[in-house]
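Colleague: Could we go through this model together? I would like to hear the reasoning behind each feature.

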Amino acid sequence: MTSTRLTLRLALGLLLATVALAVAACGGGGSDSVPSGTVAVVDGTNVSKSDLDELLTQARRGYAAQKQQFPKVGTPEYQSIQTQYVAYLVELAEFRQEAEKLGVSASDKDVDAAEQDLIETRFSGKRADYVKALKQQGFTPAQYRAKALAVSALSKKIFDAVTKDVKVSESDILAYYTQNQSQYGSPESRDVRHILISVKGKDGQVDFPASKAKADKIYAQLKAGADFAALAKQNSDDPGSKDTGGKLTISKGQTVPEFDKVSFDLATGALSKPVRTQYGYHVIQAVSDVRKAKTTPLDKVRASIKTTLLQQKRNEAMQSWVSDLQSRYKGKVSYAAGFEPPALPDQPTTTQ
């Protein structure tokens, strides 16, 4: 199944993935105080059985669209799906309560924006492909907007409200730049050409003496004025460079050590004697001067670093908010019998 189809099948759960609450954190076991026709009560807000039935019906359509059999009622597989949907509905009730406290809501324009963003990022802007994918999962665009995109839009509003005061300082940017120098620089480099004589013969047997003898012969021919490119095309066992006359552009430290050292020690235009590496024997010629290592100035990457750090800090702030939310709703959720989340095993204790 493609990632897009998986997203559509489990859209309701996955769209809250970045802010999802653990099932066990929803609190409470089966309770006689839950009204009839309700699967849970979240701090005074009823989660209706009809909402759960609607999700399960939609899931059945998705399975049928994929020609897969939906788990039978009473099986562990069915119970697992039901538990996930109940947890989702409880989380959604909590989020809606918190959204009201934060003073945020998702308008039709927000849902439109969420839909367009999905079409652009997942379907290369092709609405027809989006509609087709929804149909394959048993959704109509209207159903998907109401059940998934509206939730996505509300989640974004909450995220924006919770993280609106997050800032990135200049010292944060400088620390990141300093700690990640490898991302913002390039090592020394130079153009070389080489002829590789593999230590393995046509029969697959390793034969160092024969390979060394052949490499020595090629070296002597080159010293006598033979054409390097022609000899490379005729003799080199490096398929990546032989057809270009053995030409390579290499960066310091990115080839095997023996090859790297000789390549950067050679004077421009100089020819090396055969150099043994794990691949065989190389005759190397330095074609260009060594180009100096470069470091991208901070000013050129400051904006991208700030964007990276801002997203990272906002995610951390959101995760902290979600963690606090779990604590705030602990003991405020009651479940109807048969719909409570599974109990987690006791955590082991250790003594130092």
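What follows is a short exchange on a sheet, some helices and two loop residues.

Colleague: Happy to start with the sheet. What is the order of the strands in the open sheet of three strands?

Modeller: Keep in mind that this is a predicted model. The edge strands are strand 2 (45-48) and strand 9 (333-335), as each pairs on one side only. Strand 1 (residues 38-42) pairs with strand 9 in the antiparallel sense over three bridges. With antiparallel pairing, the order is 2-1-9.

Colleague: Nice. Which residue of strand 9 is the bridge partner of Ala40?

Modeller: Strand 1 covers residues 38-42 and pairs with strand 9. Across that pairing, the bridge partner of Ala40 in strand 9 is Tyr335.

Colleague: And which helix lies across strand 1, strand 2 and strand 9?

Modeller: Two helices are worth a look here. Helix 3 (residues 49-65) lies across strand 1 and strand 2, and runs at about 40° to strand 2. The helix across strand 1, strand 2 and strand 9 covers residues 76-102 and runs at about 35° to strand 1; this is helix 4.

Colleague: Now helix 5. How far apart are its end C-alpha atoms, and what span should its residues give?

Modeller: Helix 5 (residues 108-123) has 16 residues. At 1.5 Å a residue, they should span 22 Å. That agrees with the model, where the end C-alpha atoms of helix 5 are apart by 21 Å.

Colleague: What arc around the axis do the buried residues of helix 5 cover?

Modeller: The buried residues are Val111, Ala114, Glu115, Leu118, Ile119 and Phe123. They sit on the same side of helix 5, because the arc they cover around the axis is only 135°. On the other side of helix 5, the exposed residues are Lys109 and Thr121, while the arc of the buried ones is 135°.

Colleague: Just after helix 5, which residue takes a positive phi?

Modeller: Most residues other than glycine have a negative phi. The residue in question has a phi of about 55° and lies in the loop between helix 5 and helix 6 (127-136). At 62% relative accessibility it counts as exposed, since the cut-off is over 50%. The residue is Ser124.

Colleague: Last one: is Lys67 buried or exposed?

Modeller: Lys67 lies in the loop between helix 3 and helix 4. Phi of Lys67 is near 60°, a positive value in a residue other than glycine. With a relative accessible area of 77%, and a cut-off of over 50%, Lys67 is exposed.

Methods: Residues are numbered from 1 along each chain as its sequence is written. This is a predicted model: local features need pLDDT of at least 70, side-chain atom pairs count only at pLDDT 80 or more; totals for chains, interfaces and linings use all residues. Side-chain values use heavy atoms; hydrogens and water are left out. Two strands pair if DSSP finds at least two bridges between them. Helices (H or I, at least four residues) and strands (E, at least two) are DSSP runs, numbered from the N terminus. Contact means heavy atoms within 4.5 Å. Axes are lines fitted to C-alpha atoms, for helices over the stretch in contact, and angles run from 0 to 180 degrees between N-to-C directions. The expected span of a helix is 1.5 Å times one less than its number of residues. Buried means under 20% relative accessible area, exposed over 50%, partly exposed in between (1.4 Å probe, protein chains only). The arc is that of the directions from the helix axis to the C-beta atoms.
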